Amino acid sequence: MTESNSNGHGRMDVDGNVPDVEQLKQAQGGNGEIDESLYSRQLYVLGHEAMKRMGSSNVLVVGLRGLGVEIAKNIALAGVKSLTLYDPKHARIEDLSSQFFLTPQDVGKPRAAVTAPRVSELNPYTPVGVHDSDSLIGDLSQLKRYQSVVLTDTPLKDQLIIADYCHQNGIYLVVTDTFGLFGNIFTDFGKNFTCGDPTGENPLNGIVAAIDSEGLVSALDETRHGLEDGDFVTFAEVEGMDKINDGIPRKITVKGPYTFSVGDVSGLGEYKRGGLYTQVKMPKIMDFEPLSTQLKKPELMISDFAKFDRPGQVHAGFQALQEFAEKHGGEFPRAHNEEDAVEVLKLAQNIASKSEDKPELDEKIIKELSYQARGDLAPMAAFFGGLAAQEVLKSVSGKFHPIKQWLYFDSLESLPTSTPRSEADCKPLGTRYDGQIAVFGKPYQDKISNVQQFLVGAGAIGCEMLKNWAMIGLATGPKGKISVTDMDQIERSNLNRQFLFRPKDVGKLKSECASQAVQAMNPDLKGKIDMMKDRVAQDTEHIFNEDFWESLDGVTNALDNVEARTYVDRRCVFFHKHLLDSGTLGTKGNIQVVIPRETESYSSSQDPPEQSFPMCTLKSFPNRIEHTIAWAKDLFQTYFVGPPEVVNLYLTQKDYLGSALKQSGNEKQTLETLREFLQTDKPSSFDDCVEWARMQFEKQYNNAIQQLLFNFPKDSNTSSGQPFWSGPKRAPDPLKFDPNNETHYTFVLAAANLHAFNYHIKSSSDRAHILSVLDHMMIPDFKPDPGVKIQADEKEPDPNANNGAHDDEQALERIAKGLPQPKTLGDFRLEPVEFEKDDDANFHIDFITACSNLRAENYKIATADRHQTKFIAGKIIPAIATTTALVTGLVVLELYKIVDGKTDLEQYKNGFINLALPFFGFSEPIASPKGEYQGPEGKMVIDKLWDRFETEDVTLRQFLDDFKKKGLSVSMISSGVSLLYASFYVASKNKDRLPMKMSQLVEHISKKKIPAHQRNVIFEITADDMTDEDVEIPYVMLKLDAKK
C-alpha cells in the first residue's frame, strides 16, 4: 500500500510496530487531531498542515553518538508518525562527551538499544523503535519503509550506497557529521521537491488606495507594502474593477515602497474605491542531485561570510578524513598527532587537485581538522542536531526552504590560547570528557571544571544550556558551581521543547527539575548546582546580593522577556561580569556576547516598540482581525478584571469614595461600576449570569453598532466630500442574536461562566438549561441617542475627553449614597479573573475568540480560529526545539572563549540565524563607547559603559577635592532622586553638608537609612574638565564600610 506525501512521491507504508501505532491513534483520540496543549508553541511555527504531514511520516536516524541523539531528541519532540534508531555499535566511555542519554553503565551495550527507551519518554505521540539489522547496506529495500533517513557517524562508502538508493527511491536524505569544532550537513530531497512555504513569514496584506489603468496599485495612507518583485497577490472588495476580485494570484513588480504593479488590467473594469490585497505564498520547486554527484561539484551554502573560502577547503578535508579512516580500520587520526595530520593533508591535497573547483588549501586548517577528528563536542552536536532535525522536518512537511545542498561550519575561534594543546595534553584518559579533551586538552578541561556560572531561567533555552554544561563538564571541579534560578512551574505546553521535563513534573519548579535531570546525566555535577526559585530583580537584591555577584565568573541569560534581560544586563555591567544572552522566535534565533570593558551590553540597543493600534480604530473602526482581538481582550479586562478589583477596593479601603476615587479622575465611571456590580446587576444565581451575558451581547453587537450607524450613516460623506465609510473604515451591520449560532452561544456561555466566577457562583455548561433561560428573556428595543458623540478620526480631538469635568455632583452623590455600606456586606468579596491562556477549561480564550469573531462579523472581517486568537491575545512566543538546540550550541561555543579569557573582539561572534530560509549571520560584537576629558596629565580616555569612579566613605569636601585633583570641577551630585550637592545652592546650604560623610549625606537628604545588605551607593555627577568644558563622565560608586 502506498501513501502520497506533499510532493506527490509514492511512499511504501510499512507499519513496523503495530501496537505503537495503535497507541498513537488512541493518544490522539483516534481522529488524527493534533494535541494543541502539548504542541501549542510549535504549531505557531509550523502550522496545522505541516504538523499533519509530519504526523504521517516515518523517520530513520542512523548513528547514536552525541549528534545522532540530538537529532533524535528534536524529531521526537516535534512529533512524527514513527522514529526509528539504528546504531548496533557498542557505547564507549568517550561517547558521554555529548551523548546525554547514555550512562557509564551503558558502556559496552548497543547504542540504539539503550538510547531508544529514553528518547521514547520525550513524546507519547512519537513511537520510537530500533531498526533491527546487522547492516543497512546488506538489504537496502528495508529503507523503503521510511520517508526520511538521517545518516551520522557513517563511513563515506556506505553513505554513497545509501544515498544513491534513497535518491532513486524518493526517500529524503540528510547526512551530517561533526569532528571537533568542524561540522557539515548535506541534503538530498530528490527531483521536483516542492517547498510550500519558503520563508514561514505571515502573508502580507493591506488596503488599496487606488489602481490606475496601467495596473499600478497604491497602498492606503502611504503604508509600506513590504512586497518584493516576483511576489503574488490576490484582491478582494475592489469596487469598479470588480473582475480583479477573482481570487487569481497576480505576479507583482515593485515600483516603490508604497506602490506595486500587477501589469495589464484592461478588461477588468475601472477602479472606483476600496479593496484589499493579500500576498499569496507560491510553492517553490527544487531539484537535488545525489551525493555521488555533489561530492565532486558541491553546491555550498555559506554559514559565515568572514570565512568565504573555507567551505571548499573543508569539503576536501572531510573526504580526506573518511579516506584516512578507511585505510586505518575505521579509526580517525589520533588527537593532535602530527604524523596522522601530514597524511590527512596529503590526502586532502590529492582530492582538491581532482575536484572541479580545485580549492586552495590552508595547511593549518586541514591539519587542525586532523588534530580534532576524534573530538566530540556537545555544542557542535547541538548546532548540527538542531539544523539536521529541522531539515528532516522540512523534507516531510514541505515547510521552509531546505539547505541546498551542503553547509559547513566551524568555530576554530573557540580553541584555547591560555592553556597548552599537545598530543600528550589531548590523549584519551578513559573519562567521559575524552571527546572534549581531544580538542582542547586536559589543562583546559581542568579550567572549565572550576568555573562559577549563573544561569537565569530554566525554560527551553535553560534546559538545553544545562544539558550542554553537563556534557562539557562545566563546574564539575573542586571550585566549580552552577547557580540556576527560575520562579516558574512546569506547564504541559513546556514539554514539547523543554526536554528535561516529563509529564510527571507538571506543576513542579523548573529550576529544581532541570537541575536534578542534568545531575542524573552527569553525576559529577552532584552537589555543584544551587537551585533557586527567585526572580532576579530589584526586590530580590538581598538574595542576589554583592557577595553573590562577586563570586561569579559569568552569567548566562535564558529569559523570555526584555525587562528581566535588561535588569540582569545592568547588574553584569555594574559587577563587571561576562554575559551570554540568547533568544528564539520560531525558527529565528540570536546570541549576544557581553565582555566587560570591551563590548556594548545588551541594553545598549533596543528592539522597536510593540505595535499598538489607535483607540478610535479599536472602538469604532476595526479593519483587521488583530483589531477585534485587541478589543476583545480589552473587553475581557473591562468585564471580569477591572470591576471586581474596584469593588474590592471599595469594600476594603478606608474612605475609598472620599479619597482615592476623587483623585482618580473617573469618578462617574467608577461609581456606575460599583452600582452595577453591587446593586443593579448583582447576580444571585447562574441564571442571572446568563441573562447578564445575553444583555452584553445585545449592548456590544447590536446597540453599539446601531448607534454608530446613527452617528455616521452608510451614505454619509466627510467634510471633503469623500464617502465616510471608505479606505480603512468598514461599514458595520448589527447582529441579531441566534442561540443556534455556535459563536453567539459561546459568547453567552463563556461570559456567564466568567461573571459567575467573579461572584463565586457555581459554573455550568448545561446547554439545554442555558437555552431555556435565554428563551424566557425579553430584550428591550434599542433607540439611538442623538446626544452620543463618537470620535471619527484619531487626528481629531476626542469629543468625550472632558465629560468628567461636567458630571453632575448631585447625581454622583446620589449614586454614592445608594451604594451598600462595606460593613453591611461582611466578608463579601469579588474574585477578579487572572488571564491564563493555557487552561482550555477556564473560558478565557473561549470568551476572547467569540467576542472578537462576533465583532469581525459586524465588520465583515475574516474571523480567526481559537488557536490563532490565543496566539495573538496571549502574545505567545512561537517556539520549536530545533532552534533552541542550535542557539544554545552557539552560546556554549562562545562560553569556551570566555573561559579561555580571550579579550580580542575579533574572536567573538554575535549571531543571528533563521532556520526557515536558512540564514546565518555572524558579526564581531560592537565595542563599548569611549569618551575623553582633559585631566592634569593630558587627555584621559574613559569607557562610557564599563568605567566608574570609586570612592571611600569620605566627607563631601574631600569628595570634591579628590575630583579636583583629577581635573574635574563637580557642579552637581545626585543619588537616585536625591540631589546631594549643587554648585548653585546658596553657600550656607552647602556649608552644612561639606563636613558630612557621603553615606550620612545620602541618609540625611533622602530621610531613609541605607539597607544593611547594601555595600555601595551610586552617585551621578556632572562636572567640567580643565578646559571648562562640560564632560560626560561615568557614575561614582561609594564603597561602604563592612559594618554598614
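Begin by selecting H336 in this predicted model, where you will find the residue in the loop between α8 (310-327) and α9 (338-354). Its backbone deserves a look, since H336 has a positive phi of about 55 degrees although it is not a glycine. Most residues other than glycine have a negative phi, and most peptide bonds are trans. With a relative accessible area of 15%, H336 falls under the 20% limit and is therefore buried.

For another backbone of this kind, move to R597 in the loop between β25 (588-594) and α19 (615-620). Phi is positive here too, near 65 degrees, in a residue other than glycine, and R597 is partly exposed, its relative accessible area being 41%.

Next, select K404 and Q405, which are joined by a cis peptide bond with omega at about -20 degrees; Q405 belongs to the loop between α11 (378-397) and β19 (406-410). A further cis bond runs from L917 to P918, with omega near -20 degrees, and P918 sits in the loop between β26 (910-914) and β27 (919-923).

From the backbone, turn to the aromatic side chains, of which the structure holds 55 pairs. Display F318 and Y408 together: they form an edge-to-face pair, with 5.3 Å from centre to centre and 85 degrees between the planes. Because F318 lies in helix α8 and Y408 in strand β19, this pair ties together parts that are 90 residues apart in sequence. Both F318 and Y408 are buried.

Then select F454 and W549, whose ring centres are 5.9 Å apart and whose planes stand at 80 degrees, an angle over the 60 degrees required, so this pair is edge-to-face as well. F454 is in strand β20 (residues 452-456) and W549 in helix α17 (residues 546-551), so the contact ties together parts that are 95 residues apart in sequence. F454 is buried, and W549 is buried too.

To see aromatic residues gathered in a group, select W631, F636, Y639, F640, W692, F697, Y701, F737, F747, F835 and F847, which form one aromatic cluster.

Finish on the surface, by selecting D488, E491, D560, E836 and D839, which gather there in a patch of negative charge. Within this patch, centre the view on D488, found in the loop between β21 (481-485) and α16 (510-521). Is D488 buried or partly exposed? Its relative accessible area is 38%, which means that D488 is partly exposed.

How values were computed
Residues numbered from 1 in each chain as written. Predicted model: local features only at pLDDT ≥ 70, side-chain atom pairs only at ≥ 80, totals over all residues. Heavy atoms only, no water. Helix = DSSP H or I, 4+ residues; strand = E, 2+ residues; numbered from the N terminus. Buried < 20%, exposed > 50% of the residue type's maximum accessible area, 1.4 Å probe, protein only. Patch = residues over 30% accessible without salt bridge, like charges linked within 9 Å, V, L, I, M, F, W, Y side chains within 5 Å. Areas by Shrake-Rupley, 256 points an atom, 1.4 Å probe, with all protein chains shown as cover. Salt bridge = Lys/Arg side-chain N within 4 Å of Asp/Glu carboxyl O. Lys, Arg positive; Asp, Glu negative; His and termini not counted. Charge placed at Lys NZ, Arg CZ, Asp CG, Glu CD. Phe/Tyr/Trp six-rings, centres within 6.5 Å; stacked < 30°, edge-to-face > 60°.
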